[in-house]
Amino acid sequence: MLVLVPTELEADPLRGLPLEIAVVGMGPVEAGLSALEVLRERRPPVAFLTGLAGAYPGTDLAPGDLVLATEEVFGDLALCFPEGVRPMGRHLPLSERISLRSPWLERTLALLEEGGGGARVGPLVTVCCATRDPARALELARRHEALAENMEGFAVAEAARRTGVALVELRIISNLLEAPEAPWEIERALDRLREVFGWLSQHFA
């Protein structure tokens, strides 16, 4: 079971579990290029991407909650004005959304509901610049009907698409973007991440 993570911080709690872990780096450029190399070399039928995520306002998510991505949206691939983010021109050859729906996603959700505590399912947004403005967070959430944001998902999803590997993105909420100054609950999130992947590593096939 191949699991991609952005950083050693997110890899550490998974050490010792029967998983094949690859640290692909933080941010879309490093994560995308590293994931492409890993997936081309190992060619698994399915790979997981996991790590921390910030919950958008209005989602009722809390630190320690799980989110499963149905699609990834590149939220920063847009026109940025002081009053907010607007879409690029319709005639530009942009790719800003990748679907992650697959039988593997359904299998993961069923296992989580059976013994992993369940997960919220919906779109996630990838950003280059982590959101610290609650108004921007709310705008991205509404525009994309998204649950949470991260900094690698879209790029890793593109690497998976190019290599023909199914990707399951399962994130753990570490912080709430409606309260950007509040401390991130990283330890709580990582403890939960270990529990969940301990369960999945025993039952996912």
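**A tour of two pockets and a helix**

By class, the 23 residues around the largest pocket divide into twelve nonpolar, six polar and five charged ones, and this is where the tour of this predicted model begins. Select Met26, Leu52, Ala130, Met151 and Trp184, since these are the lining residues that lie nearest the centre of the largest pocket. The space they point you to has a volume of about 360 Å³. Now colour helix H1 (8-11) together with strands E3 (46-55), E9 (148-150) and E10 (166-176), each of which supplies at least two residues of the lining of this largest pocket.

Move next to the second largest pocket, where about 220 Å³ of space lies. Its lining can be selected as Pro28, Val29, Gly32, Leu33, Leu36, Phe74, Thr126, Phe154, Ala155, Glu158, Ala159 and Arg162. Two elements, helix H2 (28-42) and helix H5, give two or more residues to the lining of the second largest pocket. By class, that lining has eight nonpolar, two polar and two charged residues.

Stay with helix H5 and select residues 153-163. Is this helix largely enclosed or largely open? Nine of its eleven residues are buried, meaning under 20% relative accessible area, so helix H5 is largely enclosed by the rest of the structure. The buried ones are Gly153, Phe154, Ala155, Val156, Ala157, Glu158, Ala159, Ala160 and Thr163; among them, Phe154, Ala155, Glu158 and Ala159 also line the second largest pocket. Finish by selecting Gly164, which follows helix H5 and has a positive phi, near 75°.

How values were computed:
Residues numbered from 1 in each chain as written. Predicted model: local features only at pLDDT ≥ 70, side-chain atom pairs only at ≥ 80, totals over all residues. Heavy atoms only, no water. Buried < 20%, exposed > 50% of the residue type's maximum accessible area, 1.4 Å probe, protein only. Helix = DSSP H or I, 4+ residues; strand = E, 2+ residues; numbered from the N terminus. 1 Å grid on protein atoms, 1.4 Å probe; cavity = no way out; pocket = protein on both sides within 12 Å on 5 of 7 lines; lining within 4 Å. Points joined across faces, edges and corners; volume = space filled by probe spheres on them. Nonpolar A, V, L, I, M, F, W, Y, C, P; charged D, E, K, R; others polar.
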